[in-house]
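Visitor: Before we go through the ligand site and the strands, could you show me the sequence and the structure?

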Amino acid sequence: MNTMNTVPKEPEIKPPADEQSPLIDTSKMSAGQRAALELTEAARDAAGERGSFGQGLFMGRFDLTALRPFPEQSPEDRDQGDAFLQRLEDFLRERVDPDEIDRTGEIPQPVIDELGAMGAFGIKISPNYGGLGLSQTNYCRAAMLLGGYCGNLTALISAHQSIGVPQPLILFGTEEQKRKYLPRFAQGEISAFALTEPDVGSDPATMQTHAEPAPDGNSFVLNGEKLWCTNGTKAGVIVVMARTPPKLANGKSKNQITAFIVEMDSPGVEVVRRCRFMGLKALYNAVVRFTDVRVPRENILLAEGKGLRVALSTLNTGRLTLPAACAGLSKRCLEIVNRWAKERVQWGAPIGKHAAIADKIARMNANTFAMEAMTLYTASLVDKDKKADIRLEAAMCKLWGSETAWEIVNDTMQIRGGRGYETAQSLKERGEEPVQVERFLRDSRINTIFEGSSEIMRLFIAREALDPHLKVAARALNSQLPLGERLKAGFRAAVFYAGWYPRQWLPALTPASPGRAPSRVVRRHLRYAARTSRKLARRLFHAMAVYGPKLERQQVLLGRFVDIGTELFAITATCARAETLLARGENREQLLALVDYFCRSARLRIERRFAGLRHNTDKPGYQLAQSALAGKLDWIREGTVRGKPNRSQ
Ligand SMILES: Cc1cc2nc3c(=O)[nH]c(=O)nc-3n(C[C@H](O)[C@H](O)[C@H](O)COP(=O)(O)OP(=O)(O)OC[C@H]3O[C@@H](n4cnc5c(N)ncnc54)[C@H](O)[C@@H]3O)c2cc1C
């Protein structure tokens with residue numbers, strides 16, 4: 001039942017006349033900061049005008065119609081997914097020992113072969129190219145199944161088809177490229193994605209790997225070294241990001257990054273070493289070196305100079321796999337904890353009866369439900385439209401999902417006590433059930449670091465959230481622009497904000513009423529989300545007014561805005577999903593208790609962040625950190641072994 005009021009259209013945010021002029025004032029930045037920013041700005045998909053739900057949240061435009069009714073899989077889509085998921089589950093249970101994989105650091109080749117034979121390396125590839133042709137939602141369900149079972153297999157499958165060659169090929173490949181490569185993946189060939197270098201972590205502007213056009217004009221010559229390339233030791237084909245000769249644009253030399261499909265058996269490609277980590281012991285992660293590797297021009301993805309765009313767009317959808325896997329892991333943790341908290345008796349009662357443990361269990365259950373709701377919603381957007389603008393939603397799912405799942409695994413370890421810290425093998429040898437919490441903790445720590453670290457996700461979300469404001473106001477404040485252009489921009493901004501700002505105070509004029517939601521609880525929380533979206537928009541605007549272009553540098557402050565927006569997304573997805581489940585006749589009392597608990601907790605987190613906008617220690621904290629980095633606090637470290645080289649060196 002959709003009882004939502006119709007959403008009136010926001011006045012259009014007109015793009016400025018001069019599309020080429022920069023939105024962000026880079027004049028006061030260091031050369032390195034400017035290069036990084038200009039490169040990522042140029043690669044941004046300027047699709048913001050399509051106005052996703054996530055972006056609306058930061059503008060006080062709470063468009064509940066985007067989530068209501070909560071998207072459900074069609075029966076055909078679900079059946080297709082179920083058939084594959086059943087095969088995958090049977091296979092995992094009968095043929096895969098994740099603890100053995102962890103212990104040996106190897107995935108048995110027959111396991112990889114059988115996964116290939118069942119189509120697990122071509123889940124989203126169209127049947128026209130021999131793939132399973134499953135939807136994004138079914139792919140996420142597969143990631144969920146894997147994520148709760150074996151992190152190493154999740155990484156193998158996800159690095160291949162979430163960020164490896166199939167994903168950018170599906171998005172940007174030419175028909176020839178698709179015909180050449182997709183059938184190979186559908187039959188089980190593995191691929192990888194190579195962006196990172198020793199100096200390129202979150203900042204691609206410092207990329208050293210380069211490709212020069214060969215004299216024949218038909219190919220490029222690739223040189224350089226890539227770090228931490230997951231699947232690098234197993235892949236037959238990889239996507240490599242490389243610098244190509246700069247182009248002149250508006251009289252300025254512009255750095256170019258190009259994405260190449262590279263066959264790993266090409267002369268000059270060398271897997272230098274396999275890297276080993278704290279967790280994911282069977283990750284086939286490599287340093288890959290390229291020495292004068294010839295890459296045909298037709299292996300360029302999208303176009304010369306569009307590599308970063310390929311990488312960013314690939315990651316937009318690709319990083320949705322991670323929260324799905326996190327939801328699977330969290331569900332597995334719930335299973336472990338729900339049993340243990342009933343079985344384990346201490347101080348005369350099962351530990352689940354002690355309030356400190358019960359508090360964690362409630363949070364874990366509620367957060368897992370929310371994580372799944374956010375992920376399923378965002379996956380459904382891709383299923384509706386392969387080119388849907390899910391940048392913000394996917395990034396929010398990744399940020400919130402990976403941080404929350406880490407908290408859930410950590411709490412699971414706490415609840416399991418000493419047994420949580422003991423390895424599954426040791427538990428087994430002592431005659432106890434080999435519950436793998438220690439492995440889960442090691443394997444999941446990386447989730448907040450790769451595919452966009454939490455810090456970078458917050459910056460990314462903040463950039464997208466601020467985009468409508470930047471379009472309206474940034475040119476007025478940009479000291480790099482001529483005065484005339486700034487004055488014109490200032491006038492445009494004044495007209496826009498004269499209409500927009502009052503609407504953020506007057507609920508009656510905004511499109512945010514949740515109407516007659518099927519439950520009072522849901523209605524109350526949706527109203528809160530609508531109201532708070534406007535408060536978020538106002539506060540963001542105030543921060544812009546106070547800091548001007550310098551707001552971009554207030555990372556901790558911006559992080560609070562991002563976290564508030566993300567919690568609002570979580571509340572809305574949770575409520576919308578609950579409505580659909582209620583309509584389906586699910587247990588009303590339990591469901592509403594879960595939703596109510598989640599929303600109340602999220603509201604407390606939101607209110608804490610709002611309070612932090614005004615009262616915080618950001619400035620003295622920053623200064624203190626700089627003092628520490630300048631060596632002025634070295635005395636704190638007295639009493640430790642200092643300056644000793646690591647003996648393993
Ligand atoms: C197990 C594993 C698998 C991987 N698989 C792949 C792969 O398949 N392909 C691939 O290309 N890469 C891969 N990576 C690389 C991974 O994506 C990077 O580790 C990640 O992008 C972060 O880069 P970095 O480690 O160099 O950290 P850095 O970029 O050096 O960052 C260090 C810290 O500083 C923070 N930071 C950086 N810049 C800023 C900023 N501007 N503002 C605030 N904070 C900032 C970061 O969030 C982080 O906390 C993998 C890494 C690992 C460990």
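Guide: In this predicted model, an N or O atom in the side chain of Q555 is 3.0 Å from a nitrogen atom of the ligand.

Visitor: What makes the pair of Q555 and the ligand a polar contact?

Guide: The cut-off for a pair of N or O atoms is 3.5 Å, and the Q555 pair is at 3.0 Å, so it counts as a polar contact. The side chain of S453 likewise has an N or O atom 2.6 Å from an oxygen atom of the ligand, and a polar side-chain atom of T196 lies 2.6 Å from a nitrogen atom of the ligand. With the protein in place, 69% of the 970 Å² of accessible area that the ligand has on its own is covered.

Visitor: Which elements give two or more residues to the shell around the ligand?

Guide: They are β1 (191-194), β3 (219-230) and α17 (454-477), and the residues of the shell divide into 12 nonpolar, 7 polar and 2 charged.

Visitor: Why are β1 and β4 called paired strands?

Guide: Pairing requires at least two bridges, and β1 and β4 (residues 237-249) have 4 in the parallel sense, so they qualify as a pair. Within this pairing, S191 stands opposite V237 in β4.

Visitor: What makes β4 and β5 a pair as well?

Guide: Against the same requirement of at least two bridges, β4 and β5 (residues 252-263) have 11 in the antiparallel sense, and therefore they pair. M241 stands opposite A259 in β5, and in the hairpin of these strands, which has 2 residues between them, N250 takes a positive phi near 50°.

Terms used. Residues are numbered from 1 along each chain as its sequence is written. This is a predicted model: local features need pLDDT of at least 70, side-chain atom pairs count only at pLDDT 80 or more; totals for chains, interfaces and linings use all residues. Side-chain values use heavy atoms; hydrogens and water are left out. A polar contact is a pair of N or O atoms within 3.5 Å; within protein, one must be able to donate a hydrogen and the other to accept it, and residues adjacent in sequence count only if both atoms are side-chain atoms. Accessible areas come from the Shrake-Rupley method with a 1.4 Å probe; for residues, only the protein chains shown count as cover. Ala, Val, Leu, Ile, Met, Phe, Trp, Tyr, Cys and Pro count as nonpolar, Asp, Glu, Lys and Arg as charged, and the others, Gly among them, as polar.
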